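Work through the exercises below with the sequence and the structure at hand. Try each task before reading its solution.

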Amino acid sequence: MLDALPCTEGQIRVRTLEYGDAALFARGSSDESVKRNGHLPLSDYTENVVREQIDGAIADGLADGSLAVLAIADAGSDEFLGSIVLFNVRADRAEVGFWLAPWGRGRGAARDALSAAARIAARQGLTFLEARTAPDNQASRRTLLSAGYRQVGEPQTVTAPSGAVFTALTFERSVAEPRFKRLAPIASACSCFEDGPGGFAD
């Protein structure tokens, strides 16, 4: 997946996690809303734990295409705002989860990150992205709908990356990019073709 990164959409950039993100990752993931809705694999993250994961499971997942734990960063300052994750990768689809630190909210960052993730997934040859969220997580549901997802099926009991079992709604969107005849080259709003750990939907 590294060949599709970084990917800029709107005011955010989706990129690989770096050592410099570790402190803000640890701080953001300790937020009560993230703990309640993010379903991260670990209950607590420290700077050292984040750095170890960057060198371990995160690096391994990016190398073999099975897992992408990525940073959501401000496109201008590159400040870490949260994380978006592609996981449960199958032949034609993957699951996406995201969370935002308190200082990253209220600016459309999650919506833009989901759009960037769709472009990244398309470049990997995937056709669909799925996301799951609790029925009472209205903010996540609104974000998914605004990013082009639609609810599919009925609520189901699922197991989150954290190991928690809960009732979730499933959302889905196609990531196939429309093909059309261009009269002249047009620059993409997403720079994932040009420039160069997480849980369920928050």
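Helices and strands are here DSSP runs, numbered from the N terminus; a strand has at least two residues and a helix at least four. The model is predicted.

**Exercise 1. Find the cis peptide bond and place its proline.**

Step 1. Go to the bond from Leu5 to Pro6, which is cis, with omega near -5°.
Step 2. Look at what follows in the chain: Pro6 belongs to the segment before strand S1 (7-9).

**Exercise 2. Describe the sheet: how many strands form it, and in which order?**

Step 1. Eight strands make up an open sheet.
Step 2. Read across the sheet, the order is S1-S2-S3-S4-S5-S6-S8-S7, with mixed pairing.
Step 3. S1 and strand S7 (150-159) each have a single partner strand, so they stand at the edges and one side of each has no neighbour in the sheet.
Step 4. From one strand to the next, the twist averages 30°.
Step 5. Take one pair as an example. Strand S3 (residues 68-74) and S4 run antiparallel and are joined by six bridges. Ala68 has Leu86 in S4 as its bridge partner.
Step 6. Recall the general rule: strands of a sheet pair through backbone hydrogen bonds, either parallel or antiparallel.

**Exercise 3. Locate the largest nonpolar core and examine one of its residues.**

Step 1. Start from a general tendency: in soluble globular proteins, nonpolar side chains tend to be buried together.
Step 2. In this model the largest nonpolar core has 51 residues. Val14, Ile84, Leu129 and Tyr149 have the most contacts inside it.
Step 3. Helix H5 (residues 109-123) supplies the largest share of this core, nine residues.
Step 4. Another core, of five residues, lies apart from it; Ala134, Ala160, Phe166 and Ala168 are among its members.
Step 5. Now select Val14. Leaving out residues up to four places away in sequence, Val14 touches Leu5, Pro6, Cys7, Leu70, Ala71, Ile84, Ala113, Ala116 and Ile120.

**Exercise 4. Two residues that are not glycines have a positive phi. Is each buried, partly exposed or exposed?**

Step 1. His39 has a positive phi of about 50°. His39 sits in the loop between helix H2 (32-37) and helix H3 (47-55).
Step 2. The cut-off for buried is under 20% relative accessible area. His39 has 14% relative accessibility, so His39 counts as buried.
Step 3. Asn88 also has a positive phi of about 50°. Asn88 is placed in the loop between strand S4 (80-87) and strand S5 (93-100).
Step 4. Asn88 has 37% relative accessibility and therefore counts as partly exposed.

**Exercise 5. Classify the ring pair of Phe25 and Tyr45.**

Step 1. A pair of aromatic rings is described by the distance of the centres and the angle of the planes.
Step 2. The whole structure holds four aromatic pairs. For Phe25 and Tyr45, the ring centres are 5.3 Å apart and the planes are at 65°, so this pair is edge-to-face.
Step 3. Phe25 lies in helix H1 (residues 22-29), and Tyr45 in the loop between H2 and H3, so the pair ties together parts 20 residues apart in sequence.
Step 4. Check the burial. Phe25 is buried, at 0% relative accessibility, and Tyr45 is buried, at 8%.
Step 5. Phe25, Tyr45, Phe80 and Trp99 form one aromatic cluster.

**Exercise 6. Compare sequence and space for Gly38 and Thr133.**

Step 1. Gly38 is in the loop between H2 and H3, and Gly38 is buried, with a relative accessible area of 0%.
Step 2. Gly38 and Thr133 are 95 residues apart in sequence. In space, their C-alpha atoms are 9.1 Å apart.

Conventions:
Residues are numbered from 1 along each chain as its sequence is written. This is a predicted model: local features need pLDDT of at least 70, side-chain atom pairs count only at pLDDT 80 or more; totals for chains, interfaces and linings use all residues. Side-chain values use heavy atoms; hydrogens and water are left out. A nonpolar core is a set of buried Ala, Val, Leu, Ile, Met, Phe, Trp, Tyr and Cys residues joined through side-chain atoms within 4.5 Å. Buried means under 20% relative accessible area, exposed over 50%, partly exposed in between (1.4 Å probe, protein chains only). Contact means heavy atoms within 4.5 Å. Rings of Phe, Tyr and Trp (its six-membered ring) pair if their centres lie within 6.5 Å; planes under 30 degrees apart count as stacked, over 60 as edge-to-face and the rest as tilted. Two strands pair if DSSP finds at least two bridges between them. Axes are lines fitted to C-alpha atoms, for helices over the stretch in contact, and angles run from 0 to 180 degrees between N-to-C directions.
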